[in-house]
Amino acid sequence: MQVLHELFSADAVCAAAFSLAAERGAHDRCIVMTECSGYEGVVPVVVEPDAGKATAVLPVPEVEEADEALSVSFPGVTCLVAQNEILIEPVSQPTIFVLRDPKGEMILMRCKVDDRWPELPSSGLAAAAAAIDLARSLPDGVVEYGIGMPGGTAEVGVSKRGGVLAGLSICSTVLLEETV
């Protein structure tokens with residue numbers, strides 16, 4: 001599945017894996033190996049067809065402290081995470097600005113499109129970036145966050161080892177339509 005050339009999308013990876021599992025008639029939990037634009041590796045996705053869920057093991061992004069924000073760079077797109085509105089310098093690459101509250105319960109996202117910053121209802125990468133920001137002060141281990149967005153809540157798992165981000169996963173819920 002290719003949504004935008006050279007742009008990695010956690011949402012597209014989960015949707016493609018779920019769609020493939022459904023197309024093949026899977027009813028039990030299974031693993032679907034996916035490829036995505038902008039990323040050279042393979043992304044494993046655990047699909048639970050009957051529950052309507054797909055959990056992707058995301059590539060570990062590059063994380064850097066920016067002036068007033070945390071910069072989280074996935075293949076082809078960067079998320080800037082802050083707790084306050086900040087002045088965003090002109091950017092030349094695809095960027096999602098993530099404004100989160102202290103608990104990660106509600107985030108606001110804006111994505112740069114033709115020099116405009118329209119709001120997004122949801123984004124798996126924005127949710128993952130917000131969870132990484134929340135986990136910065138935590139010790140080593142694995143923690144899961146429910147990141148609230150206007151479009152729903154994303155379940156994000158963050159793993160740290162040696163004080164550094166070591167793993168990341170996101171669970172997408174697919175709304176299943178019942179046929180009559």
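The buried residues of helix H1 are covered by several elements, including strand S1 (30-36), strand S2 (39-48), strand S3 (53-57), helix H2 (124-134) and strand S12 (164-173). This is a predicted model, and helix H1 is a convenient place to begin reading it. The residues of H1 that are buried are Ala-10, Ala-12, Val-13, Cys-14, Ala-16, Ala-17, Phe-18 and Ala-21. An α-helix has 3.6 residues a turn, so residues three or four places apart point the same way. The length of the helix can be checked as well: at 1.5 Å a residue, the 14 residues of H1 (residues 10-23) should span 20 Å, and this agrees with the end C-alpha atoms, which are 20 Å apart. Just after H1, the chain reaches Gly-25, which takes a positive phi of about 80°.

Several of the strands that cover H1 also belong to a sheet. Six strands form this open sheet, in the order S1-S2-S3-S12-S11-S10, and their pairing is antiparallel. Because S1 and strand S10 (141-149) stand at the edges and each has a single partner strand, one side of each is left without a neighbour in the sheet. On average, neighbouring strands of this sheet are turned by 25° against each other, when direction is ignored. Within the sheet, strand S11 (residues 152-161) runs antiparallel to S12 and is joined to it by seven bridges, and Val-156 stands opposite Ile-170 in S12. Helix H2 lies across S10, S11 and S12, and runs at about 130° to S10.

Another pair of strands is made by strand S4 (residues 62-65) and strand S5 (residues 70-74), which run antiparallel and are joined by four bridges. These two strands form a hairpin, with four residues between S4 and S5, and the bridge partner of Glu-65 is Leu-70 in S5.

What, then, lies in the interior? In soluble globular proteins, nonpolar side chains tend to be buried together. Here the largest nonpolar core has 45 residues, and those with the most contacts inside it are Leu-58, Phe-74, Ile-147 and Val-156. Helix H2 gives the most to this core, with nine residues. Leu-58 shows how distant parts of the sequence meet: leaving aside its neighbours within four places in sequence, Leu-58 is in contact with Phe-8, Ala-10, Phe-74, Ala-128, Leu-168, Ser-169 and Ile-170. Apart from the largest core lies another core, of six residues, among them Ala-69, Ala-82, Ile-86 and Phe-97.

Notes: Residues numbered from 1 in each chain as written. Predicted model: local features only at pLDDT ≥ 70, side-chain atom pairs only at ≥ 80, totals over all residues. Heavy atoms only, no water. Expected span 1.5 Å × (residues − 1). Buried < 20%, exposed > 50% of the residue type's maximum accessible area, 1.4 Å probe, protein only. Contact = heavy atoms within 4.5 Å. Pairing = 2+ DSSP bridges. Axes fitted to C-alpha atoms, helices over the stretch in contact; angles between N-to-C directions. Core = buried A, V, L, I, M, F, W, Y, C linked by side-chain atoms within 4.5 Å.
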